[in-house]
Amino acid sequence: MSVLKYAPEALKNLFRAPVTTSYPAKPFEYKERTRGRIDISIDDCIGCGLCTRACPSSALSVDKNAGTWTINRFDCIACGYCVEKCPKKCLTMEQNYQEPGGEKQSVTYQKSPEVMAEEARKREEAAAKAAAAKAAMEAKKAAEAAAAGGEEK
Ligand code: SF4
Ligand code: SF4
């Protein structure tokens with residue numbers, strides 16, 4: 001009697017596709033909103049540090065002068081706040097997971113030498129412009145003071 005009770009279901013399953021997948025032969029398909037691991041396009045990072053301030057688990061650190069961005073993946077809780085806060089949109093939530101490991105290691109990303117050199121050139125250019133503007137302002141003030149002194153005589 002009990003065999004007959006399950007027979008219709010068993011017959012239906014003979015013609016259905018399996019609900020399991022043959023992982024790892026067939027790659028797993030992650031859902032669109034999967035929270036996997038954080039990745040960075042480091043050459044687009046401006047070192048503002050907004051991601052480090054947004055991170056609730058202090059998993060991030062940034063060194064603007066050295067051009068580095070560091071994440072401790074074992075501290076990251078994949079909340080995605082850093083991705084939301086980044087003004088340059090250089091952080092992404094990837095749909096894959098951190099591989100298991102025995103030690104809590106940080107990963108540091110370093111900007112390319114070309115981008116570092118370009119940023120240094122821009123900083124020097126801006127500093128030179130600021131110095132020139134300051135010198136021009138001081139020269140103008142000196143000229144005005146000299147003119148005012150001449151009028152008094
Ligand atoms: S996803 Fe959340 S926990 Fe992970 S680094 Fe970003 S802000 Fe920190
Ligand atoms: S918020 Fe974005 S641009 Fe700013 S330091 Fe973090 S990764 Fe870099």
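Helices (at least four residues) and strands (at least two) are DSSP runs, numbered from the N terminus. The exercises below use that convention on a predicted model.

**Exercise 1. Fold and overall shape**

Task: State how many helices and strands the protein chain has, give their pattern along the sequence, and explain why the chain counts as more spread out than a compact globule.

Solution:
- Step 1. The protein chain contains four helices and five strands.
- Step 2. Their order along the sequence is α-β-α-β-β-α-β-β-α.
- Step 3. The globule rule gives 15 Å for 153 residues, and the radius of gyration of the protein chain is 30 Å, well over that value, so the chain is more spread out than a compact globule.
- Step 4. The C-alpha trace spans about 125 × 30 × 30 Å along its principal axes.
- Step 5. Of the 153 residues, 8% count as buried.
- Step 6. Among contacts with a separation of 6 or more, 72% are between residues 24 or more positions apart.

**Exercise 2. Domains and the last helix**

Task: Give the bounds of the domains, find the distance between their centres, and decide whether Ala135 is buried or exposed.

Solution:
- Step 1. The domain assignment gives domain 1 as 31-111 and domain 2 as 112-148.
- Step 2. Taken over C-alpha atoms, the centres of domain 1 and domain 2 are separated by 35 Å.
- Step 3. Ala135 lies in helix H4, residues 113-152, and Ala132 is also placed in helix H4.
- Step 4. A residue is exposed if 12 or fewer other C-beta atoms lie within 10 Å of its own. Ala135 has 10 C-beta neighbours inside 10 Å and therefore counts as exposed. Ala132, with 10 such neighbours inside 10 Å, counts as exposed.
- Step 5. From C-alpha to C-alpha, Ala135 is 89 Å from Glu9, with their positions 126 residues apart in sequence. For Ala132 and Glu29, 103 residues apart in sequence, the C-alpha distance is 58 Å.

**Exercise 3. Strand pairing and side-chain faces**

Task: Work out which strands pair with E1 and E3, and which side chains of E1 and E3 are buried.

Solution:
- Step 1. In a regular strand the side chains alternate between the two faces of the sheet.
- Step 2. In E1 (residues 37-40), Ile38 and Ile40 point to one face and are buried, while Arg37 and Asp39 point to the other and are not.
- Step 3. E1 runs antiparallel to E4 (residues 91-94), joined by four bridges. Opposite Arg37 in this pairing stands Glu94 of E4.
- Step 4. In E3 (residues 68-72), the buried side chains are Trp69 and Ile71 on one face; Thr68, Thr70 and Asn72 point to the other face and are not buried.
- Step 5. E3 is joined to E2 (residues 60-63) by four bridges, antiparallel, and Thr70 of E3 stands opposite Ser61.
- Step 6. E2 and E3 make a hairpin with four residues between them, where Gly67 in the turn has a positive phi of about 70°.
- Step 7. Five bridges join E3 to E5 (residues 106-110), again antiparallel. Trp69 has Tyr109 of E5 as its bridge partner.

**Exercise 4. Surroundings of the ligands**

Task: Name the residues closest to ligand 1 and ligand 2, then sort each shell by class.

Solution:
- Step 1. Ligand 1 has 14 residues around it, of which Cys55, Cys76, Cys79, Tyr81 and Cys82 come nearest.
- Step 2. The shell of ligand 1 holds 12 nonpolar, two polar and no charged residues.
- Step 3. Ligand 2 is surrounded by 15 residues, the closest being Cys45, Cys48, Leu50, Cys51 and Cys86.
- Step 4. The shell of ligand 2 holds 11 nonpolar, two polar and two charged residues.

**Exercise 5. Backbone exceptions**

Task: Locate the cis peptide bond and place Ser58 and Lys89, which have positive phi values.

Solution:
- Step 1. Most residues other than glycine have a negative phi, and most peptide bonds are trans.
- Step 2. Tyr23 and Pro24 are joined by a cis peptide bond with omega about 5°. Pro24 belongs to the loop between helix H1 (2-14) and E1.
- Step 3. Ser58 has a phi near 50° and sits in the loop between helix H2 (50-54) and E2. Ser58 has 10 other C-beta atoms within 10 Å and is exposed.
- Step 4. Lys89 has a positive phi of about 55° and lies in the loop between helix H3 (81-85) and E4. Lys89 counts as exposed, with 9 C-beta neighbours inside 10 Å.

Key. Residues numbered from 1 in each chain as written. Chains lettered and ligands numbered in written order. Predicted model: local features only at pLDDT ≥ 70, side-chain atom pairs only at ≥ 80, totals over all residues. Near = placed C-beta within 6 Å. Nonpolar A, V, L, I, M, F, W, Y, C, P; charged D, E, K, R; others polar. Domains from an automatic or database assignment. Rg over C-alpha atoms; globule rule 2.2 N^0.38 Å. Buried ≥ 20, exposed ≤ 12 C-beta atoms within 10 Å, placed from the backbone. Contact = placed C-beta atoms within 7 Å. Pairing = 2+ DSSP bridges.
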